[in-house]
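Hi,

Here's the structure I said I'd pass on. Have a look at it first, and then read on for what turned up.

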Amino acid sequence: MRDLAIIGGGPAGMSAAISAYERGIKDVVILERDEHLGGILQQCIHNGFGLHRFNEELTGPEYAERYAKKVMEYGIEVKLNTMVLDVSADKTVTATNEEDGIFSIKAKAIILAMGCRERSKGALNIAGYRPSGIYSAGTAQKLVNMKGYMPGKNVVILGSGDIGLIMARRMTLEGAKVKAVCEIMPYSGGLARNIEQCLNDFDIPLKLSHTVVKIDGKGRLCGVTIAQVDENRKPMPETYEYVECDTLLLSVGLIPENELSKGADISLDKITGGAVVDQNRETSVEGIFACGNVLHVHDLVDFVSEEAEIAGVAAADYIMNNNVEKTAVSIETDGKIRYSVPQKITEKKDVKIYFRASGVFNNVRINVKSNGNVVFSKKKQKITPGEMESIKLKADVFNDAKTLYLELEELL
Amino acid sequence: MTRILTCICCPIGCNIKVELDERRISAISGNGCARGKEYANSECTNPVRNVTSTVITKKGIPLSVKTDRPIPKERMFECVKIINKIVAETPVKTGDIIAENVFGSNIVATKSMD
């Protein structure tokens, strides 16, 4: 029997391991399917990571190295090239690698830190052939930054997620022509700074309320037909425009990778795609915790590390039996706030609630209501779906509360 | 003349309003912090950017690198061209200088490689 098994050696897994270790749990094993620690940070060679944690701008590999060094320094066991096949509700992890074959680890606690994957073309239902030259933005990023290949010369990007924006700049600097970034929504899914420094710096047009309706080309992509969409996101035929290109990058969202969680009968939130958790990031299965992008998709790795620390400390406390008496307060959201993490509170202590809006709202008040009374309120100039928000609640708001209701009030 | 800038210093992305008399800056507002003011100043006089890229190593594997300070914005393409001519030695450690004085900045490794 091991103390703590962590699935995934990216920023969430490493940070969770370190904080559990520092809390007093020394018997920790990290299972990672890639050949190195660091997860997706390894291919994110651009900078902008670590402003919150380290007060400086780091590149992805630099940010990852700081945590990997600590994991090594502590002598935490890391199993690389190891694919986890199954996690069961009795906290047995089944995994495989070349050295050990198929093996099982029974642990007192498990932290899920598997991250997320990109939505693929199959999820988009675009008409046309299936030529080569269509990549997810992250695949293109891996080819350029890790393998040294350029996926193409003339590029259209569908979706304005941050990875797509970053790749627009990267491929432009490497000599490609990025003709347009099409975003079906009337606002961008990426950070304002990335629109500025990745698109505006290079005069790459961002076409809001636009999508790709047709793919042209048999062997290799020859071009795409783009169109403006109406308020119901329906393409308008009179706006069809053919754009010649040999490459289409898709940056159309990320999906938490929860196949293993399903196997352990962990309750998932339909909106986040991740587990339903309490303030400790404990899932519906006692002793199994989740953190990072497997729980909900974050914009900043700094917040992933922060969340993983919460899970790491809580998992350590669980193993050492430092549990307190549990209460049950559920957190509900109005439609304007799409979701919150955590979704429930089981312990009356100060807690930070993360949430994301469903649209762009200007001049709002974030209200938290309990039994019809406003127990917390905060004004905000602007809220967009592309940027995660958070509020800090004091322990006393949970007094006499069964349900906390999070709402956005639009001010005139 | 008034220029509205989107600050790129952090993920908040403040909209900064800069009042310009001819080329002289007369007022800066909307910045959430001191870095934003510095950015607005630089953006209206001598815009600069950090560049991140990869160099090929003798092993044939790309190594991620960055400029250790921002370079003039209009030099970004030339900077990447210079970076692409470099063949780096291994082993290399994060922070090692790969090329010196490229438009006033050093190109440094952002990754360690055996």
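One thing before the details: this is a predicted model.

Let's start with the cysteines. Over all chains the structure holds 0 disulfides. B:Cys10, for one, is in no disulfide, and the nearest cysteine sulfur to it belongs to B:Cys33, 6.3 Å away. B:Cys10 is partly exposed, at a relative accessible area of 23%. B:Cys14 tells a similar story: its closest cysteine sulfur is in B:Cys7, and at 6.0 Å that is too far for a bond. The cut-off for a disulfide is a pair of sulfur atoms within 2.5 Å. B:Cys14 also counts as partly exposed, with 21% relative accessibility.

Next, the contact between the chains. On the chain B side 27 residues are in contact with 28 residues of chain A. About 2400 Å² is buried between the two, and carbon and sulfur atoms give 53% of that area. There are 3 salt bridges between chain B and chain A. B:Arg49 forms a salt bridge with A:Asp201, where the closest N and O atoms are 2.5 Å apart.

On to salt bridges in general, of which the structure holds 31 over all chains. A few to look at:

- A:Asp27 and A:Arg2: their side chains meet at 2.8 Å, N to O. A:Asp27 sits in the loop between helix H1 (11-23) and strand S2 (28-31) of chain A, while A:Arg2 is in strand S1 (residues 2-7) of chain A, so the pair ties together parts that are 25 residues apart in sequence. Both ends are partly exposed, A:Asp27 with a relative accessible area of 26% and A:Arg2 with 22%.
- A:Arg117 and A:Glu259: the closest N and O atoms of this salt bridge are 2.9 Å apart. Because A:Arg117 lies in strand S9 (residues 116-118) of chain A and A:Glu259 in helix H7 (residues 259-263) of chain A, the pair ties together parts 142 residues apart in sequence. A:Arg117 counts as partly exposed at 36% relative accessibility, and so does A:Glu259 at 42%.
- B:Glu78 and B:Arg75: this salt bridge is in chain B, with the closest N and O atoms 3.1 Å apart. B:Glu78 is partly exposed, with a relative accessible area of 36%, and B:Arg75 is partly exposed too, with 33%.

The A:Asp27 and A:Arg2 pair also belongs to a wider group: A:Arg2, A:Asp27, A:Glu77, A:Lys79 and A:Asp100 are linked in a network of salt bridges.

Now for the inside of chain A. Helix H6 (residues 192-199) has 7 of its 8 residues buried, so this helix is largely enclosed by the rest of the structure. The buried ones are A:Arg193, A:Asn194, A:Ile195, A:Glu196, A:Gln197, A:Cys198 and A:Leu199. Two of these names come up again around A:Ile166, a residue of helix H5 (residues 162-173) of chain A. A:Ile166 counts as buried, with 7% relative accessibility. Leaving out residues up to four places away in sequence, A:Ile166 touches A:His46, A:Gln141, A:Asn194 and A:Cys198. From A:Ile166 to A:Ile195 it is 9.0 Å, C-alpha to C-alpha, with the two positions 29 residues apart in sequence terms.

Then there is the surface. A:Met83, A:Leu85 and A:Ile102 make up a nonpolar patch there, together giving about 300 Å² of accessible area. A:Met83 is part of strand S6 (residues 83-87) of chain A and counts as partly exposed at 38% relative accessibility.

Last stop, A:Tyr405. You'll find A:Tyr405 in strand S28 (residues 403-410) of chain A, partly exposed with a relative accessible area of 31%. What does A:Tyr405 touch, not counting residues up to four places away in sequence? The list is A:Glu332, A:Thr333, A:Asp334, A:Asn367, A:Val368 and A:Lys369. A:Gly372 is 33 residues from A:Tyr405 along the chain, and their C-alpha atoms are separated by 8.7 Å.

Cheers

Technical notes:
Residues numbered from 1 in each chain as written. Chains lettered and ligands numbered in written order. Predicted model: local features only at pLDDT ≥ 70, side-chain atom pairs only at ≥ 80, totals over all residues. Heavy atoms only, no water. Buried < 20%, exposed > 50% of the residue type's maximum accessible area, 1.4 Å probe, protein only. Patch = residues over 30% accessible without salt bridge, like charges linked within 9 Å, V, L, I, M, F, W, Y side chains within 5 Å. Areas by Shrake-Rupley, 256 points an atom, 1.4 Å probe, with all protein chains shown as cover. Salt bridge = Lys/Arg side-chain N within 4 Å of Asp/Glu carboxyl O. Helix = DSSP H or I, 4+ residues; strand = E, 2+ residues; numbered from the N terminus. Contact = heavy atoms within 4.5 Å. Buried area = accessible area lost by both parts, 1.4 Å probe.
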